[in-house]
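Opening the notebook on a two-chain model today. I want to go through the contact between the chains, then a handful of buried spots and salt bridges.

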Amino acid sequence: MLTLRLAFRNLLRHKSRSLLCGLSMMGAYVLFSISLGFSDGSYGGLIRMLTDTHSGHVQIHQKDYLEAPSLFRNFKLTAEIKNQLTAHPEVLAWTPRIFSAALIFRENKSTIARLMAIDPEREAQVTTMREKVQSGVYLTEAVGVTNPILLGLQLQKLIQAKLGDELIFIGQGADGSIANDLFTVVGIVGKSSTDAEARRIYMTLESAQEFLSLGERIHEVTLRLQNYAKARSAAVNLQEILNNEQLDVQPWQVVEEQFYKAMQADQQGNWITQAVIMLIVGLVVLITVLVNVFERRHEYGLLLALGTPPVFIFRSVIVEMTMLSSLSVFVGLFFSFSLNLYFSVEGIAIEPPMEYGGVLFSDIISEVSLFVLFVPAVFTIAVAFVVAFFPAAKSALAVPIEAMRGN
Amino acid sequence: MAEIVIKTKNLDKSFGSGETEIHALRDVNLEIMRGDFAAIVGPSGSGKTTLLNILCGLDTVSSGEIQVSGRSLQSMSGSELAKFRREHIGLVFQAYNLIPVLTVLENIEYVMLLQNVPSAERKERVRKFLTEVGLEGKENRFPAELSGGQQQRVAIARAMVSHPDIILADEPTANLDSATGAQLLEMMRRFNEELNMTFVFSTHDPQIMERSKRMVTLTDGRIVSDELK
């Protein structure tokens with residue numbers, strides 16, 4: 001109680017100095033929190049955008065497919081697998097996919113195109129595929145059309161195709177035959193030529209299985225989970241449940257390894273920025289405590305002369321700084337919460353939009369979470385606590401007579 | 001026979017070394033009895049304050065022995081000395097040296113708080129000493145709101161309230177006008193008489209010399225006379 005009283009009154013003793021030190025700590029806390037909020041918000045947004053637009057949260061392939069994708073590395077989506085996926089509590093939806101490539105022709109125009117075959121109904125439950133259609137209709141709405149396709153914007157420009165045009169596809173069948181068929185353009189996908197969708201052709205699973213002579217076989221099942229943060233554990237769990245050595249279940253972090261590694265490197269860069277902020281706070285606190293301790297040297301000598309245990313003096317310096325940092329964080333909590341909340345709704349526009357891992361981003365947003373608010377709080381208080389150790393020890397171990405003489 | 005509360009034997013204290021070495025105290029042999037009201041006098045630089053600092057364990061000796069309340073101060077560590085001072089010695093300084101962020105009441109009870117004296121007893125003793133030093137009604141004031149004389153009263157109350165074996169006072173009246181000094185001295189003398197408290201002063205003040213029961217004179221760090229009055 002006496003320690004608290006002394007610490008509190010000492011804080012009030014030099015109000016402007018305490019205020020300056022407190023404001024520095026509060027500023028650093030708010031900066032740290034906002035920086036963490038933007039970091040988490042942006043990465044969360046990136047992950048959501050990537051997984052929502054294409055990769056899903058977990059994918060199932062035939063073993064080795066991810067390392068070396070091939071038409072021939074396929075598997076049969078059995079009723080048992082379907083049931084296991086549907087019954088899994090973490091799985092919100094799943095969709096099968098086939099990937100290949102083909103030469104496409106329209107009159108005298110031709111190009112090579114990447115093909116992605118989907119179950120249109122299921123795909124719309126897992127990704128934002130339906131929203132990617134810029135003109136025409138989605139595959140489920142092309143009633144009565146044989147072999148409907150969605151054509152990427154870039155491909156459309158290359159072969160100068162329009163809605164309703166018939167395209168000739170030539171490719172390789174899984175049985176070694178030459179695959180060829182006619183497909184009808186029912187929609188155009190991709191907002192700009194740089195979008196991943198703009199370089200692809202989407203078709204129905206049945207069309208692709210027929211065209212590529214795959215029978216009931218597919219290349220991939222993409223899963224959407226209740227919570228993307230559980231992707232790793234869900235993948236491990238599903239691998240066990242499927243109990244099939246030929247199948248490989250991987251979370252989005254593995255499927256989109258390049259993106260994930262780039263994100264991690266970026267996050268580490270942010271931690272360095274945050275460490276620099278904390279270092280500055282530490283220096284401010286250190287200078288403030290050293291000035292206080294130097295100024296009160298005579299007083300500490302007096303306290304020791306009166307019989308005060310050195311540990312009491314040590315404690316009072318530590319308590320004083322912890323009190324100031326806690327108070328700063330408490331006030332800062334209001335600002336960091338408000339600012340993070342504001343930026344989580346409004347975001348900051350990026351002009352021009354930035355491509356990251358093949359996905360286009362037009363704004364960065366913040367995030368309000370316990371992590372964003374409390375990790376910087378704990379860090380700020382801990383830095384003040386640790387930095388106060390040296391001056392506190394110096395005061396506690398002072399020789400009373402020398403301290404009182406001012407030596 | 002009176003109990004010896006302070007005993008020094010062949011005490012030497014020097015500062016610096018070689019050509020710059022200064023002998024502050026030389027071969028000091030002194031015995032202070034319980035109930036003494038002793039003044040250590042001498043010109044400036046004679047070693048009075050050094051001797052007082054050594055007697056309370058704030059300073060160390062170069063050679064010789066010192067015992068206070070039957071215990072050798074030389075064998076104690078910094079924290080043991082702090083504990084010893086807390087329990088056995090009351091200090092009064094020339095510059096009052098109150099704790100500026102504590103009120104009068106808190107300054108007086110400070111040592112008792114460190115001693116873990118129960119709250120009720122603490123309050124009772126503080127109230128008694130506030131009355132004794134004539135500062136009733138001023139218990140919630142901070143030192144900066146008091147006059148020099150009032151601050152020294154608080155310092156005396158702080159030194160005595162925990163009932164130490166010895167009160168060591170370094171020039172306690174030097175910063176006070178003679179009337180206030182005489183008043184405080186009278187008060188200390190009364191405590192000495194009534195409670196048999198031991199007081200040792202270092203002083204230049206003729207008033208203290210006049211009222212002291214014993215006068216020890218230091219010159220160039222040596223005791224040149226020790227008179228009982």
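I started with a residue in chain B. B:N10 counts as partly exposed because its relative accessibility is 37%. B:N10 sits in strand β1 of chain B, residues 4-15. Its phi is positive, about 50 degrees, and it is not a glycine. That caught my eye, since most residues other than glycine have a negative phi. A reminder to myself: this is a predicted model.

Chain A has a similar entry. A:Q160 is another non-glycine residue with a positive phi, near 50 degrees. I found A:Q160 in the loop between α5 (153-159) and β7 (166-172) of chain A. With 48% relative accessibility, A:Q160 is partly exposed.

**Interface**

Next I looked at how the chains meet. I get 24 residues of chain B in contact with 22 residues of chain A. About 2,000 Å² is buried between the two chains, and carbon and sulfur atoms give 66% of that. Which three residues supply the most of the area that chain B buries against chain A? They are B:L58, B:V101 and B:Y110, with 28% of the area on the chain B side.

For polar links, I noted 8 residue pairs in polar contact between chain B and chain A, counting pairs with both residues at pLDDT 80 or more. The elements of chain B that give two or more residues to this side are α2 (78-88) and α3 (104-114). The largest share, 6 residues, comes from α3(B). By type, the chain B side divides into 14 nonpolar, 4 polar and 6 charged residues.

The rule finds 2 salt bridges across the interface. One that I wrote down is A:R9 with B:E106, whose closest N and O atoms are 2.4 Å apart.

**A:P400 and helix α10(A)**

I then went to A:P400, which lies in helix α14 (residues 400-405) of chain A. A:P400 is buried, at 13% relative accessibility. What does A:P400 touch, leaving out residues up to four places away in sequence? I listed A:G301, A:L304 and A:A305 in its own chain, and B:L58 and B:R85 from chain B. So B:L58 turns up twice in my notes: as a contact of A:P400, and among the three residues that supply 28% of the area chain B buries against chain A.

Those chain A partners sent me to helix α10 (residues 297-305) of chain A, which is largely enclosed by the rest of the structure because 7 of its 9 residues are buried. A:G301, A:L304 and A:A305 are among the buried ones. Just after α10(A), A:G307 takes a positive phi of about 105 degrees.

I also checked a long span: the C-alpha atoms of A:P400 and A:R48 are separated by 62 Å, with their positions 352 residues apart along the chain. The domain assignment splits chain A into domain 1 (2-51 + 260-405) and domain 2 (70-218). The centres of these two domains, taken over C-alpha atoms, are 53 Å apart.

**Two buried serines**

A:S325, in helix α11 (residues 310-346) of chain A, is buried with a relative accessible area of 0%. Its contacts beyond four places in sequence are A:M25, A:T380, A:I381 and A:A384.

B:S46 is in the loop between β3 (37-41) and α1 (48-55) of chain B. Is B:S46 buried or exposed? It is buried, at 2% relative accessibility. B:S46 touches B:A24, B:L218, B:T219, B:D220 and B:G221, sequence neighbours up to four places away left out.

**Salt bridges within chains**

Searching the whole structure, I get 26 salt bridges over all chains. A:E220 and A:R97 make one of these, at 3.0 Å from N to O. This pair links distant parts of the chain, 123 residues apart: A:E220 is in strand β11 (residues 220-225) and A:R97 in strand β3 (residues 91-106) of chain A. Both A:E220 and A:R97 are buried.

In chain B, B:E121 pairs with B:R125 at 2.8 Å between the closest N and O atoms. They are 4 residues apart in helix α4 (residues 119-132), so about one helical turn separates them. B:E121 is partly exposed at 38%, whereas B:R125 is buried at 14%.

Last entry: A:R106, A:E107, A:K162 and A:D165 are linked in a network of salt bridges.

How values were computed:
Residues numbered from 1 in each chain as written. Chains lettered and ligands numbered in written order. Predicted model: local features only at pLDDT ≥ 70, side-chain atom pairs only at ≥ 80, totals over all residues. Heavy atoms only, no water. Contact = heavy atoms within 4.5 Å. Buried area = accessible area lost by both parts, 1.4 Å probe. Salt bridge = Lys/Arg side-chain N within 4 Å of Asp/Glu carboxyl O. Polar contact = N/O pair within 3.5 Å; in protein donor to acceptor, adjacent residues only side chain to side chain. Nonpolar A, V, L, I, M, F, W, Y, C, P; charged D, E, K, R; others polar. Buried < 20%, exposed > 50% of the residue type's maximum accessible area, 1.4 Å probe, protein only. Domains from an automatic or database assignment.
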